[in-house]
Structures are given as structure tokens and as C-alpha cells.
Amino acid sequence: MNTLSRARRPAPRSEARGGLAARLREPTQVVFLALLALIALGWVLVALDGGQFLTMESVVGIQQRSAALGIVAIGQTLAILAGSLDLSVAYLISLTSLVAAEIMAGRDGNVLPAVAAVLGVSALVGLVNGLVITRLRVHAFIATLGVALIIKGVVDHLYDGPAGKVPESFQLLGYSRIGPIPVSAVLWAGVAVVAWFLLSRTRLGYRVYAVGGNEEVARLSGIRTGRAIVLTHVLCSVCAGIAGLLLASRLGAGAPTVGTDGGYDLESIAAVVLGGTALAGGKGGVSGTVGGVLLLAVLDTIFNQLEVNSFVKDVVRGVVIVVAVAVYARRIKGRSV
Amino acid sequence: MKRTLPILAVLMVLLAAIAIANPHFLEPAGFLAFLKRAAPLVILAAGQYFVIVSGEFDLSVGSLVTAEVVIAARLIDGDGSATWPVIALLIVIGLLVGLVNGVVTTKLRVPSFIVTLGMLLILSGAVFLWTGGAPRGALSEGFRAFGRGGLGPVPWSVLILLAVGAAAIWLMRADFGKTLIATGDNERAAALSGVRVDRAKIIAFMLSGLAAAVAAILLGGFAGVSAQVGQGLEFSAITAVVLGGVVLGGGRGSVLAAMAGAFTLEALFTLLNLYGISGALEFTVQGVIIIAAVAAGAVHLPRMFTPRKGDAHAAS
């Protein structure tokens, strides 16, 4: 499972000295320090440009921009921590946005069945992902890529464009806000808190770290590794389903390309890694991911306010991701040698 | 050789199925057209094989292909005399991108998944920043000849494919191939026995970049200039390599099997088209078959061959 970067990861010898909690906190501190530095830099740059950076509008924008990616990335964190990864989230988001909008069909009374159906569909997809990986022993990369293709085929076959209709009441989820805090950001925070609780306060969380750290050792210690991996995939897909609901409420309809246009598959993995979670699994946490997603959103906001070409954004984003991970790798190396 | 047998058998079955549905396929012209269509993916798969067998990933090849085609169109801009210098430049760019991927992966110790993902973003952003959002210019006839024309009845792309295939097989039989497989199998053991591990991996990335440049030259001629020409090719190439029985994580599988995997994927597309499963559902069938093929390999191989230490780990 951790073959993604098997040899890249030097032995964490500091484990013996620091406790589990101390070890997990470290990379997340880095990402929040980087976030603060970026906000300061953005404030200076925008001020030099003659604007004002942290207006009410931009703060709300940062939160709204990051909510959908944030929710997906939380799910992705669980999968990556268990030593797996999920490339099917983008297409699943498209699928669930369509399922939600089609079942709601503009009627308030259908909201609950639609939400239930979305959660059911996404849990099922996660179950398939997990079972293919654990029972059929297919590498997570190929398994979730295959499932992504299956969903893409079905969605593209049935839909050419936006379909269904989301009632006004459900659209409130996407746009309304309580003071400066959008409802979507509250939803994101809720998902993050649940995931944090699962990972740090329950047995499942402990098992996820163990399986991601070393699957064979976890198995020999009596952990049912397959079950932990399947569960993280179910949770990851459910998170993608929630993001699909959120995007459907923003668009007012379901769209077959909403997930891929947002690049949620690779972008969510990038956000998780930016947050200091090791791609090989077993190390990292939810708070780092929240920092990583916010970092990407603040970067976006700075570029928007400076009216920089959107292609520059892609270039800078690519550089930031690689540099951040290079810095993490250096820190780990520095400690272990 | 033993490991290439399953994928070759699957390929033969698929080719036979195509021949039954379309007898024209057995004529030289029909078969050569198939080879010509398959050439870019097979070349990409060969490049991707080097990276995967050394234990890494290259996700940047798709956007590298797009970038190369867009760069060629803008620089040539219909001017035939610019063809050869631009082709040389494309190859240098491909090698350079591979060099950067390899150096960042090995020297800065960033997982290749992230390095090449970053490179994907950088390449697609940079090239459209340069052209202002959409491809501009045009390719010369001389440039397009590689993807379209041929030497008599044999398309150039088939000849290039043969050359690339022969070179790849030769490389894997040479010392370089052995050190590369050793590196992918157990990096530390390889390093301790004197393999220059970092250098082997950097060369693997450069070969992948080179393969992307060659594939871009063929695709530019065959499919023309568009912003989507390379879309999804990285996943197709990785899928092809894995279909060929090469293990993600490195150290196992042959380059011949990887290329056979790419032919199989292309034959699958052809077959699906022939049987009228075109358009979107093609993806669904493709997804099911990929999972099934890899699952079959993972479930049965350990029984057929003696498992080695670390196999359970690599197959899951």
C-alpha cells in the first residue's frame, strides 16, 4: 500500500522520543505558519496595488471557495492516512450532484430523500472502492481510477448538460451565511470536526494510522486491516457526496462536469499533502488538510484581487505544492539523521 | 518472458475478436492503420514503464504532450523550414522536463506523485499563459508527415514505434535495465550494492519525457493541434503499463509486456467501437475491464509463481 513512495520516507526515528500527538502536530504547524505568512504577503501585495485584502467580501469568498474542496479533502485525508488514495471523487461529485438535483426536482418535500439517496450512492461507491482494493487486491490507484471511469461512462451516457432542479430552500445551503460565516463553511467545519474526532478519539482512527503506517505490522497486531481500509473509503466517498450536494445547491441543478471542472481528484490530494500528510500514509491529520485547503484558497484570492492571469495561478500552485512537500521532506530528514 | 505471456494471450484474443467483426483488419492496410493509431500510447507506455519499474509515477506526460504540440504549432506557424529545429527543441524540452521531475524526486525527496502533479499544473499553466489561453499557429506539412505520412505503405509512426520498442527492450537488457529493476525492487539494497540509484531514476524520468515528446510529434500530425490532445494520456499510459502486469511500486514486469498492455488497451477501444459501444459507455467498460484484469493478475499470480518477500505488500 505504501509503495507510492516506499523508499522516499526515511525511518522516523524520532517516534521513540516524541509522543504520537507531538509527532502529528508538527507538519500542521508548518502549514498554518505558511498560511499566516501568505496572508501577510497577500495583504502587502494587495495594499501596494491600492486595494484592501481582508475585506468582508474576500473573507467570505475564501471560505466559500474552499468549502467544497475542503470537504472532499477531509475525506481524501482519511483514505491517504490509511495508505490508500481515491481518484474517483471528482466523478462521484458530478454523479451525486445529478442524483440530488434529479430527485429534488424543485420540490421542497424531496430534499430529505435526495440527501439520503446521495449518501447511499456515495457510500456504495466507497464500499466498491474499498472492496476492490482489499478483496481483489488491486492497487488503490488503479481501483479508484477504474471506478472513476465507470462513473464517468454512466454519467456521460445519461446526461449531456445540467439536469434536475434544486428547490430554493436547499439553495440556501450554498449561499446564505450567518454573519461573516457562510453555511457551507459551517458544514465544512462540521465534517472536519467529525473526522478529527474519528481519527484522534476512536479506535477506528488509531487503526487507520496503524494500517497506513505499516499494513503488515498492523495485520500481525490483530487489526482487521481490510475493514479499516474499506471504512475509510466509504467515509471518503460520503465526503465527496456531501460536496456534490453543496455544489448542486450552488448551481441550482446537477451538472455532469462539475466535479472534473473543479479538478477535485488531484486537487484534493494536493491539498492533503500540502497539509503535511504523508502520501505513503500513517502520518498527518485533518487540521493540516484544513490549513492546506485554506492556503490554496488564500492563494486564489490574492491572484483574483491582483487580477493575475488564471494560467499563472496554475503555475504558482504547482510550484507551491512541490516546494511545500520538499520542505516537509527536508524537515523529516533533518530530524532522523 | 513468462510474465509477458498472459497479456500477449489477452491481446491475441482481442485481435482475433476484432478480425472476426471486421475482416478488413487482417489486410496489411487495416492492421497498419491499427498500429499507427496505437503508436503514441505504446510509446508513452514504454516511457512510463521505466518510471514505474523504478518505483515512481509520472503524471505529467499528458500535459507534457499537450504543451509540446502547442509549442510546436506556435513556433512552426506553418513555416516548413522550422520543422527540424522545432523537433529538436521538443525533444530537448521533453528531456528537460524529465530531468526536473527526476532531480526533484530524488534530490529533494518529494514523492514523484506530487512532483509530477505539480509539473502537470505548471506545464498546462505555462504553455497557455504563453499562447494566451488557446493554441495558436499551425504545424507544417513536414511535421505532420510523421503522424500521417509513410514510407510507401508503412506509416512513419509504425517505423518510429518499432525503433522505440527495440531501443526500450535493448535498454532493459543492458546494465541500465538491471540496475533500474534493482532500484525499483529494493532501493536500499540496490544502493548498498553500488547502484547509483538517483541517477537511474533521473534517467528513467528523462526517458519518460523523451517518450512524451515523440508521442507528441506523432499525435500532432495524427490528431492536429488542440488544447485537449494530451488529456488523460497519463492515466491511459499508467493503465496500459499495469495491464501489462507491471507492478506499481516497482521492481517487477517487462517493457515488452507494458507495450503489449498499451496495444491491448487500444485493441479494446477498437473492439468497443466495432460492437457499437461507442461514446460514453466505452469508459464504463474500460473501467470494469481494467479492474478485472489487474484483479485477475493480483489474485492468481502469487499462486502461479513463487512469491517473493514483499509481494503481498506490493500487490495490494
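The following paragraphs describe helix packing, salt bridges and a surface patch in a predicted model. Local features were considered at pLDDT of at least 70 and side-chain atom pairs only at pLDDT 80 or more, whereas totals for chains, interfaces and linings use all residues. Residues are numbered from 1 along each chain as its sequence is written, chains are lettered from A and ligands numbered from 1 in the order in which they are written, and side-chain values rest on heavy atoms, with hydrogens and water left out.

In chain A, helix H3 (residues 89-104) packs against two other helices, helices being DSSP runs of H or I with at least four residues, numbered from the N terminus. The axes of H3(A) and helix H10 (residues 225-251) of chain A come within 7 Å and cross at roughly 50°, where axes are lines fitted to C-alpha atoms over the stretch in contact and angles run from 0 to 180 degrees between N-to-C directions. H3(A) and H10(A) are therefore oblique to each other, given that angles under 35 degrees count as roughly parallel, over 145 as roughly antiparallel, 65 to 115 as roughly perpendicular and the rest as oblique. With helix H4 (residues 111-134) of chain A, H3(A) packs at an angle of about 155°, the axes being 8 Å apart, and H3(A) and H4(A) are therefore roughly antiparallel. H3(A) passes H10(A) in a right-handed crossing, and a right-handed crossing is also found where H3(A) passes H4(A); the term applies if the near helix is turned clockwise from the far one by less than a right angle, and left-handed if anticlockwise.

Over all chains, seven salt bridges were found, each defined as a side-chain nitrogen of Lys or Arg within 4 Å of a carboxyl oxygen of Asp or Glu. One of them joins A:Arg317 to A:Glu267, with the closest N and O atoms 2.1 Å apart. This pair links distant parts of the chain, as A:Arg317 lies in helix H14 (residues 310-336) of chain A and A:Glu267 in helix H12 (residues 264-274) of chain A, 50 residues apart. Both A:Arg317 and A:Glu267 are buried (buried means under 20% relative accessible area, exposed over 50%, and partly exposed in between, with a 1.4 Å probe and protein chains only).

In chain B, B:Glu56 forms a salt bridge with B:Lys201 at 2.7 Å between the closest N and O atoms. B:Glu56 is located in the loop between helix H2 (28-53) and helix H3 (61-76) of chain B, and B:Lys201 in helix H10 (residues 197-223) of chain B, 145 residues apart; both residues are buried. A further salt bridge connects B:Asp198 with B:Lys107, the closest N and O atoms being 3.2 Å apart. B:Asp198 lies in helix H10 of chain B and B:Lys107 in helix H4 (residues 83-107) of chain B, so the pair ties together parts that are 91 residues apart in sequence. B:Asp198 is partly exposed at 23% relative accessibility, and B:Lys107 is partly exposed at 44%.

At the surface, A:Leu41, A:Trp43, A:Val44, A:Leu45 and A:Leu48 make a nonpolar patch of about 530 Å², such patches being built from residues with over 30% relative accessible area and no salt bridge, with nonpolar side chains (Val, Leu, Ile, Met, Phe, Trp, Tyr) joined within 5 Å and like charges within 9 Å. A:Leu41 lies in helix H1 (residues 20-48) of chain A and is partly exposed, with a relative accessible area of 48%.

Methods:
Accessible areas come from the Shrake-Rupley method with a 1.4 Å probe; for residues, only the protein chains shown count as cover.
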